[in-house]
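Please open the structure in your viewer and display it as a cartoon. The tour below proposes a series of selections and describes what is found at each one.

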Amino acid sequence: MTADPRAFVAEYVAAATAADRARYLALFDDDVVVRDEGRTHRGLTEVHRWLDHVPPVEYDVREVTGTGDVCRAVAEVSGDFPGSPVTLRFTFDRDARGAITRLEITPDPA
């Protein structure tokens, strides 16, 4: 597990922007729960479907806080979607292996 939250977020962003979706999906636990845009996606099958509807985006990470187990990142996300760019908060929970067990993506209130 990447214990340094900054290194983990850099790994997440690299996988999220890579052409290889398998690299991104490999970051998640089989029973992961992802919350994004008011919807909850449970398990890798639903996360895969969610990912199919996410447009390609770029991340400008502004802040990373927390630990290797639970961390938050604030990033400006831009791409071909309404309202781009938008500042979002990513909250990650990870298990002992480093797999993401929960990901919540919300607008940054700041």
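A residue is called buried when its relative accessible area is under 20%, and exposed when that area is over 50%. The model on display is predicted. By this definition, buried residues account for 37% of the 110 residues in the chain.

**The whole chain**

Begin with the entire chain selected, coloured by secondary structure. The chain contains three helices and six strands. Read from the N terminus, its elements follow the order α-α-β-β-α-β-β-β-β. The radius of gyration is 13 Å, close to the 13 Å that the globule rule gives for 110 residues, so the chain is as compact as a globular protein of that length. Along the principal axes, the C-alpha atoms fill a box of roughly 35 × 30 × 25 Å. Now switch to a surface display: the chain exposes about 6,300 Å², and carbon and sulfur atoms supply 48% of this area.

**The sheet**

Next, select the strands. They form an open sheet of six strands in the order β2-β1-β6-β5-β4-β3, and the pairing is mixed. Which strands lie at the edges? They are β2 (39–42) and β3 (57–66), each of which pairs on one side only. On average, neighbouring strands of this sheet are turned by 20 degrees against each other, direction ignored.

Then restrict the selection to residues 86–94 and 100–107, which are strands β5 and β6. These two strands run antiparallel and are joined by seven bridges. Display the side chains of Leu88 and Pro107: Leu88 stands opposite Pro107, which belongs to β6.

**Helix α1 against the sheet**

Add residues 5–17 to the view; these form helix α1, which packs on the sheet. Helix α1 touches β1 (28–36), β3, β4 (70–79), β5 and β6. The direction of α1 makes about 165 degrees with that of β3.

**Helix α3**

Finally, select residues 43–52, which make up helix α3. This helix lies across β1, β2 and β6, and runs at about 45 degrees to β1. Which residues of α3 are buried? They are Gly43, Val47, Trp50 and Leu51. These residues cover an arc of only 110 degrees around the axis, which puts them on the same side of α3. Their cover includes α2 (21–25), β1, β2 and β6. Rotate the view to the face of α3 turned away from its buried side, where the exposed residues Thr45 and Arg49 are found.

Conventions. Residues numbered from 1 in each chain as written. Predicted model: local features only at pLDDT ≥ 70, side-chain atom pairs only at ≥ 80, totals over all residues. Heavy atoms only, no water. Pairing = 2+ DSSP bridges. Helix = DSSP H or I, 4+ residues; strand = E, 2+ residues; numbered from the N terminus. Axes fitted to C-alpha atoms, helices over the stretch in contact; angles between N-to-C directions. Contact = heavy atoms within 4.5 Å. Rg over C-alpha atoms; globule rule 2.2 N^0.38 Å. Buried < 20%, exposed > 50% of the residue type's maximum accessible area, 1.4 Å probe, protein only. Areas by Shrake-Rupley, 256 points an atom, 1.4 Å probe, with all protein chains shown as cover. Arc of directions from axis to C-beta.
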